[in-house]
Amino acid sequence: MIFFDAEVFRYDWLFIFMDSDSQEAIVIVNDPEKLKQLYEQNSTNIWVGFNSRHYDQYIFKAILCDFDPYEVSQWIIANRQGGWGYSGAFRKIPFYTFDVMTDRYHGLKQLEGFMGNDIRESDVSFDIDRKLTEEEFESVIKYCRHDVEQTIEVFLNRLEEFESQMSLIKSFKLPLSYISKTKAQLTAAVLEANKVDRDDEFNIAFPDTLRIKKYRHIMDWYSKPENRNYEKRLEVDIAGVPHVFGWGGLHGAIPNYQGQGIYLNVDVASFYPAIMIEYGFLSRNVADSTKYRQIRDERLKLKAEKNPMANPLKIVLNGTFGASKDKYNPLFDPRQANNVCVGGQLLLLDLIEHLEGSCELIQSNTDGLFLKVRRQRDIDRVRAICAEWEKRTRMVLEFDEFERIYQKDVNNYLVVHKDGSYKSKGAYVKKLDVLDNDLAIVNKAIVNYFIHDTSVEETIMAADKLIDFQKIVKVSEKYTYAMHGDQRRPEKVLRVFASRVRTDPGVFKKKQVKDESRIEKIANTPERCFIINDEVNGQEIPRKLDRKWYIDLAKKRIEDFLGH
């Protein structure tokens with residue numbers, strides 16, 4: 001495997017490569033022949049980059065084809081065109097690239113920030129309209145080398161992504177070139193899907209096992225032509241809980257709810273795959289629909305045996321629904337996607353209607369329910385109702401018992417089991433990791449407050465890692481640059497900390513709208529802050545850190561949960 005990154009200027013370009021075996025860095029600057037030689041020696045290897053699927057591979061191919069890499073770069077960045085569309089010659093060059101960028105929301109610099117690493121940018125502008133000087137090249141090479149090293153670190157922290165991709169390719173005997181595809185594209189290939197254009201998006205069908213009476217008006221809502229619009233939604237109370245029905249998943253929750261007692265989390269196992277299999281709602285573009293069921297059955301068998309080969313099959317099962325809503329994917333079939341979404345909501349509604357009176361509904365969310373029962377023996381009654389529903393609908397339910405819940409809304413909650421372990425969802429209380437490490441001390445303080453009844457002050461005042469206090473902010477492409485007070489920053493990503501120093505300013509972003517400059521405060525940042533964009537791992541906490549700002553923020557978020 002070769003990790004790589006490209007930098008392109010108007011009259012210069014460079015690549016840095018790092019071989020996973022030798023761990024040596026190779027720098028190639030404005031030398032097409034050297035690049036071609038490197039490619040010929042490694043054409044069957046896997047090239048790993050960050051955003052390489054959309055950018056770096058096409059810069060590489062441009063040079064191999066003797067095109068101007070700057071023109072290709074502009075085609076992709078300035079013109080916002082797919083690199084593959086620049087020339088048909090690109091398709092003829094085998095290039096096995098694995099892209100470490102798994103979502104479009106977090107760039108490499110943000111991930112570097114989360115890891116506590118150096119996020120300073122090169123001070124050489126990409127808009128330079130001349131050849132770079134030797135000093136500028138040194139700066140760019142240092143910056144590019146750092147990005148390759150960081151790509152390796154992100155790769156290692158996301159190793160399961162690569163391993164699952166490779167196991168999927170091996171399991172279904174796909175060519176190695178498919179390493180460059182997304183999981184949704186691989187899913188379409190495994191199911192041998194061929195895209196078909198249809199005009200029946202809202203000709204939906206309901207599962208034939210539904211037994212809905214009390215809430216029949218909700219089924220009727222979906223049948224009315226005027227509601228067959230993705231903007232339409234139905235807000236209605238179900239079992240005393242406000243719900244929203246529409247063309248996505250089901251959402252309903254008692255807002256700002258806290259409680260202690262006997263609670264059940266009832267989830268439908270592999271809900272969407274099961275609906276597609278049992279009700280014929282799989283994308284109609286799949287060559288043989290029985291193959292999807294066979295994959296599901298094989299996965300259940302391997303999972304029971306604790307065989308790791310169950311994992312790549314799970315990717316296919318879970319990726320099929322999303323791909324059926326993607327107009328660029330061969331599985332695209334919006335009618336079937338709507339059938340799955342609506343069918344899923346109505347099947348859960350059916351379960352809620354039958355459970356009503358036997359328990360208290362706390363939350364409904366896409367594929368599961370939170371319920372409260374008064375006595376332990378009431379669980380048997382709930383399970384009996386669920387068993388009838390399972391037999392009738394051919395779905396399978398999974399049960400999890402817990403004793404406390406703190407719920408802000410359907411997307412933000414924390415539930416605590418008898419053994420003290422907990423499950424959480426939402427930005428305020430989610431469990432953070434090395435690639436999602438933002439205001440960690442605030443999350444920790446909130447969780448400790450709810451689970452251990454520990455004061456926010458106690459958690460935050462005892463913290464001794466500077467990285468736990470970092471707030472990583474990114475200025476999007478809509479803005480010209482970031483500012484610390486009235487000083488322009490060279491970076492678009494900043495690591496900020498609340499400051500006790502009265503003269504420290506806040507952080508802002510500048511937007512040019514026609515002839516007017518607009519300056520806006522960066523959201524969720526302190527009024528006074530200091531910036532550390534070099535590495536913070538292992539750094540001691542300076543006296544100027546304003547711990548009170550973090551205490552106040554944690555208390556405000558707790559109040560949001562409690563509804564005060």
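User: To begin with a single residue, is Glu 491 buried or exposed?

Analyst: The model is a predicted one. Burial is judged from relative accessibility, and a residue under 20% is classed as buried. Glu 491 counts as buried because its relative accessibility is 4%. This residue sits in the loop between β17 (487–488) and β18 (493–498).

User: Which side chains make polar contacts with the side chain of Glu 491?

Analyst: One partner is the side chain of Arg 489, at 3.1 Å. Another is the side chain of Asn 533, at 3.0 Å. Asn 533 also appears among the residues that Glu 491 touches once those up to four places away in sequence are set aside; the others are Ile 119, Arg 120, Glu 121 and Ala 482.

User: How should the sheet that contains β17 be read, and what is its strand order?

Analyst: Strands of a sheet pair through backbone hydrogen bonds, in a parallel or an antiparallel sense. Here four strands make an open sheet with antiparallel pairing, in the order β17-β16-β19-β20. The edges are occupied by β17 and β20 (516–521); each has a single partner strand, so one side of each lacks a neighbour in the sheet. The pairing of β17 with strand β16 (residues 481–484) is antiparallel and rests on two bridges. In one of the pairs, His 484 has Gln 487 of β17 as its bridge partner.

User: Which strands pair with β9?

Analyst: Strand β12 (residues 397–409) runs antiparallel to β9 and is joined to it by 10 bridges. Strand β11 (residues 368–373) also pairs with β9 in the antiparallel sense, over six bridges. Individual positions can be followed across these pairings: Asp 267 stands opposite Glu 398 in β12, and Val 266 stands opposite Leu 369 in β11. As a general guide to such positions, side chains in a regular strand alternate between the two faces of the sheet.

User: Where does the second largest pocket lie relative to these elements, and which of them give two or more residues to its lining?

Analyst: The second largest pocket has a volume of about 350 Å³. Its lining comprises 19 residues, of which Ala 269, Ser 270, Phe 271, Arg 299 and Glu 398 are the closest to the centre. The elements that give two or more residues are β9 (257–268), α9 (271–278), α10 (290–304) and α11. The largest share, four residues, comes from α10. Glu 398 thus links two parts of this description: this residue is among those closest to the pocket centre, and Asp 267 stands opposite Glu 398 in the strand pairing.

User: Helix α11 was mentioned; what can be said of Gly 322 in that helix?

Analyst: Gly 322 belongs to helix α11 (residues 310–323). With 41% relative accessibility, Gly 322 counts as partly exposed. Its C-alpha atom is 8.1 Å from that of Ala 337, a residue 15 places apart from Gly 322 along the chain.

User: Which residues touch the most other members of the largest nonpolar core?

Analyst: This core has 104 residues, and those touching the most other members are Ile 218, Tyr 222, Phe 245, Ile 275, Leu 346, Leu 355 and Leu 371. Helix α12 (residues 334–355) supplies the largest share of the core, with 11 residues. There is also a second, separate core of 31 residues, which includes Phe 530, Val 536, Tyr 550 and Ile 551. Returning to the largest core, Leu 371 may serve as an example: setting aside residues up to four places away in sequence, its contacts include Ile 262, Tyr 263, Leu 264, Val 266 and Leu 355.

User: Is Asn 227 buried or exposed?

Analyst: Asn 227 counts as buried, at 7% relative accessibility. The residue is placed in the loop between α8 (216–223) and β6 (234–238). A polar atom of its side chain lies 2.9 Å from the backbone oxygen of Trp 221. Beyond residues up to four places away in sequence, Asn 227 touches Trp 221, Lys 232 and Trp 247.

User: What is the phi of Asn 51, and what is that of Ala 239?

Analyst: Most residues other than glycine have a negative phi. Asn 51 has a positive phi, near 70°, and Ala 239 has a positive phi, near 55°. Asn 51 is in the loop between β4 (46–49) and α2 (52–64), while Ala 239 is in the loop between β6 and β7 (241–245). Asn 51 is partly exposed at 25% relative accessibility, and Ala 239 is partly exposed at 23%.

How values were computed:
Residues are numbered from 1 along each chain as its sequence is written. This is a predicted model: local features need pLDDT of at least 70, side-chain atom pairs count only at pLDDT 80 or more; totals for chains, interfaces and linings use all residues. Side-chain values use heavy atoms; hydrogens and water are left out. A nonpolar core is a set of buried Ala, Val, Leu, Ile, Met, Phe, Trp, Tyr and Cys residues joined through side-chain atoms within 4.5 Å. Buried means under 20% relative accessible area, exposed over 50%, partly exposed in between (1.4 Å probe, protein chains only). Contact means heavy atoms within 4.5 Å. A polar contact is a pair of N or O atoms within 3.5 Å; within protein, one must be able to donate a hydrogen and the other to accept it, and residues adjacent in sequence count only if both atoms are side-chain atoms. Two strands pair if DSSP finds at least two bridges between them. On a 1 Å grid over the protein atoms alone, a cavity is a set of points where a 1.4 Å probe fits but cannot get out, and a pocket is an open set with protein on both sides within 12 Å along at least five of seven lines; lining residues have an atom within 4 Å of a point. Grid points are joined across faces, edges and corners, and a volume is the space filled by probe spheres set on the points.
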